[in-house]
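Visitor: I would like a close look at the inside of this protein, and at one enclosed space in particular. Could you take me through the second largest cavity and then on to what surrounds it?

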Amino acid sequence: MHELPLVFFTVLGQSAVGLFLLAFISYQLKLSDWEQLRRANLLALVLMAIGLICSIFHLGQIFRMFNVMAGVGRSPMSNEIALCGAFFALACGTFFFSYIKKNVGIASVLNVVTILLGLAFVWSITKVYQLQTVGSWNTGYTAQQMWLTVLVGGGACAVLAGVRQVGAIALLIGAIVSLVAKPGYLSFVNQVEPALSSQQTLFWGIQTFCLALAVLIAVVVLIKHKGLGSVLALGSAGVVIGELASRVAFYNLWSIAM
């Protein structure tokens, strides 16, 4: 699949933004400590780095990236790349002052700026895909799915990183909203692209199962505050796989009306 690098880039990038945000909220609410915040931020940085590496395979030639930068301000794709670069650079800065040249004050300021740029990065992704020429993408459901991955993927990764309570709440809310919105979205794409939609049943089935798993994980975490580390890690990985499956279905709906 030609768009598979973008599947990993968008899902891992949005999950990384969610993890940065949820870990910071948890730290501010004193539900986790500085070490847990550092560990979560490190995991988010690794996720974003993997997503960036994957995106290179979609560009074909990495130096094309600099041509795209010429459209910053007027082109949604150029804005996405610029904000992605800024988000990753700030994430690296947060890591540097958290682990290498330890300075809690500077690391905290950079952490906040990283989160704000991360949210802008997610917003820019939604603008790239709401195209009038692609009927199945030109809908509010596109932005909804991207933002829900921030909650579901970010929440799952937060649980994995030990930021359990805030991660579980985000996971629970994101999974329930996603499940409730799914029938309306499927009805929409069935009307716009019935042939392509019918071919995505397996991917949507996998996501639905993983969303149900996400609800179960969140409830278990909220009831049982400690233990089950390996089980929760495995389940959290499954939730991210569900988001990847859903994003594969999304890209498979690409079609331009003649």
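Guide: Helix α4 gives the most to the lining of the second largest cavity, with 5 residues. Please keep in mind that this is a predicted model. The volume of this second largest cavity is about 40 Å³. Its lining is made up of F20, R38, N41, L42, L45, A91, T94, F95, S98 and Y99. Two elements, α2 and α4, give two or more residues to that lining. By character, the lining residues divide into 6 nonpolar, 3 polar and 1 charged.

One of the lining residues, F20, leads us on to the aromatic rings. F20 belongs to a cluster in which ring pairs link F9, F20, F87 and F121. Within that group, F121 is a good place to pause. Leaving aside residues up to four places away in sequence, F121 touches F9, G13, V17, M48, E80, L83, C84 and F87. F121 is also, with Y129 and L171, among the residues with the most contacts inside the largest nonpolar core.

That core has 63 residues. Two or more residues come to this core from each of α1 (4-28), α2 (34-59), α4 (76-100), α5 (104-129), α6 (140-161), α7 (164-192), α9 (201-223) and α10 (229-252). The largest share, 12 residues, comes from α1. As background, nonpolar side chains in soluble globular proteins tend to be buried together.

Let us stay with the rings a little longer. The count of aromatic pairs comes to 15. In one of them, the ring centres of Y129 and F250 are 5.8 Å apart and the planes stand at 80°, so this pair is edge-to-face. Y129 sits in helix α5 and F250 in helix α10, and the pair links distant parts of the chain, 121 residues apart. Both Y129 and F250 are buried. Another edge-to-face pair is formed by Y185 and W204, with 6.1 Å centre to centre and 85° between the planes. Because Y185 lies in helix α7 and W204 in helix α9, this pair ties together parts that are 19 residues apart in sequence. Y185 has a relative accessibility of 4%, so it counts as buried. W204, at 7% relative accessibility, counts as buried too.

Y185 brings us to the other cavity, since Y185 is one of the residues that line the largest cavity. The count of cavities of 30 Å³ or more is 2, and the largest holds about 110 Å³ of space. Alongside Y185, its lining includes Q144, Q145, L148, T149, S178, A181 and K182, together with Q207, E243, S246 and R247. At least two lining residues are supplied by each of α6, α7 and α10. The lining of the largest cavity divides into 3 nonpolar, 6 polar and 3 charged residues, whereas that of the second largest has 6 nonpolar, 3 polar and 1 charged.

To finish, here is a backbone detail away from the cavities. K30 is found in the loop between α1 and α2. Although K30 is not a glycine, its phi is positive, at about 65°. The relative accessibility of K30 is 75%, so K30 counts as exposed.

How values were computed
Residues are numbered from 1 along each chain as its sequence is written. This is a predicted model: local features need pLDDT of at least 70, side-chain atom pairs count only at pLDDT 80 or more; totals for chains, interfaces and linings use all residues. Side-chain values use heavy atoms; hydrogens and water are left out. A nonpolar core is a set of buried Ala, Val, Leu, Ile, Met, Phe, Trp, Tyr and Cys residues joined through side-chain atoms within 4.5 Å. Buried means under 20% relative accessible area, exposed over 50%, partly exposed in between (1.4 Å probe, protein chains only). Helices (H or I, at least four residues) and strands (E, at least two) are DSSP runs, numbered from the N terminus. Contact means heavy atoms within 4.5 Å. On a 1 Å grid over the protein atoms alone, a cavity is a set of points where a 1.4 Å probe fits but cannot get out, and a pocket is an open set with protein on both sides within 12 Å along at least five of seven lines; lining residues have an atom within 4 Å of a point. Grid points are joined across faces, edges and corners, and a volume is the space filled by probe spheres set on the points. Ala, Val, Leu, Ile, Met, Phe, Trp, Tyr, Cys and Pro count as nonpolar, Asp, Glu, Lys and Arg as charged, and the others, Gly among them, as polar. Rings of Phe, Tyr and Trp (its six-membered ring) pair if their centres lie within 6.5 Å; planes under 30 degrees apart count as stacked, over 60 as edge-to-face and the rest as tilted.
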